[in-house]
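This briefing introduces the surroundings of a ligand and a group of aromatic rings, for a reader who is meeting the structure here.

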Amino acid sequence: MEKDKAVRGFSGGRDSIMTDRYGVIGHPIAHSKSPVIHRLFADMTGQDLSYDAIDIPPEELSSRVQQLLAEGFRGLNVTVPHKAEVVKLASRLSSRAELAGAVNTLIVHADGVVEGDNTDGIGLVNDLRRNLRTRLAGTRILILGAGGATRGIIPALFDTKPRDVMIANRTVDRAQTLVQDFRMLGKISACKFQELGGQAFNLVINATSAGLRGEMPPFPGSILGPETLCYDLSYAMQDTPFVKWAKENGAGRVAQGWGMLVEQAAESFYAWRGVRPDTRPVIARLPGSPGATDTMKMRLA
Ligand code: ATR
């Protein structure tokens, strides 16, 4: 029963018509860690809310979201594959969601306005700065991949005032489109993986989806050094293919996206409840954290 609750959702307080309802929508969604993260946040902050994982296939997205809003849901997290489509369902967008062209959080305001927001970029930056204690101002950042995930993080990365951002992609045209779309934010350029050799970066972010299929693109190992932090937006219980590659090629530090997952959830929680949860106790339970026991890891798995 506990296990079932952890996967499908929870009711954070008394079951009453007053309990505010939230959830995460995606397809598939059973593997989502968001219900357990939001349960921990609700417990820690004493907020009375429920949070469910809701599977919605693409063809039912619009009707099911309207239905959830009619049922009184106060907010939704949005994950793969719906982040771009949900833009059309919001009555207004935050500036960061508009720049990202994607929504990972819907906020139902008291006046009924449904705002689309995007907390992915700030979630990444908060993980890099607060948890990984990484200085970003004046640094060289390389992003591998030029899809929706890359678009979502570029504005928040530029807020940290890096020296420059380079985007390398298998299909260079997609990287060039991002350069055109974001060149007003700072120094940004595009190239193919093969053109990266000989350059050094402080931060290398894997935003490709290759690892999800066990594939490893031909990134040149020469871009890594003892000062380089390699960050994989993907996360897994073991090392991801990118993290393995980074370790084998001499990266100074490696991290996968568990911390970003918790930090973006905290920003959503804050947008909904006006209360900022302490992410440290949740981060401490993540796979790879020194304080994580196997039981704790399993609760997030
Ligand atoms: P997401 O929303 O997760 O970013 P996406 O928009 O489909 O998903 O983008 C996936 C990214 O991973 C793209 O940059 C894609 O490269 P292409 O633009 O060339 O398709 C990249 N990608 C996926 N599989 C890859 C592989 N095997 N090798 C290299 N790049 C890969």
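In this structure, a polar side-chain atom of R213 lies 2.9 Å from a nitrogen atom of the ligand, a polar contact being a pair of N or O atoms within 3.5 Å. The model is predicted, with local features needing pLDDT of at least 70 and side-chain atom pairs pLDDT 80 or more, while totals for chains, interfaces and linings use all residues. Residues are numbered from 1 along each chain as its sequence is written, and side-chain values use heavy atoms, without hydrogens and water.

**Ligand surroundings**
- The protein covers 74% of the 640 Å² of accessible area that the ligand has on its own, as given by the Shrake-Rupley method with a 1.4 Å probe.
- Oxygen atoms of the ligand are also approached, with an N or O atom in the side chain of N169 at 2.7 Å and a polar side-chain atom of R174 at 2.8 Å.
- The ligand is surrounded by 16 residues, and the closest are A146, N169, T171, R174 and E215, where a residue counts if one of its heavy atoms lies within 4 Å.

**Aromatic rings**
- The count of aromatic pairs is 8, with ring centres within 6.5 Å.
- F193 and F219 form one such pair, edge-to-face (planes over 60 degrees apart), at 4.9 Å centre to centre and 80 degrees between the planes.
- Because F193 lies in the loop between β10 and β11 and F219 in the loop between β11 and β12, the pair ties together parts that are 26 residues apart in sequence.
- Together with F242 and W245, F193 and F219 form one aromatic cluster.

Methods
Rings of Phe, Tyr and Trp (its six-membered ring) pair if their centres lie within 6.5 Å; planes under 30 degrees apart count as stacked, over 60 as edge-to-face and the rest as tilted. Helices (H or I, at least four residues) and strands (E, at least two) are DSSP runs, numbered from the N terminus. A polar contact is a pair of N or O atoms within 3.5 Å; within protein, one must be able to donate a hydrogen and the other to accept it, and residues adjacent in sequence count only if both atoms are side-chain atoms.
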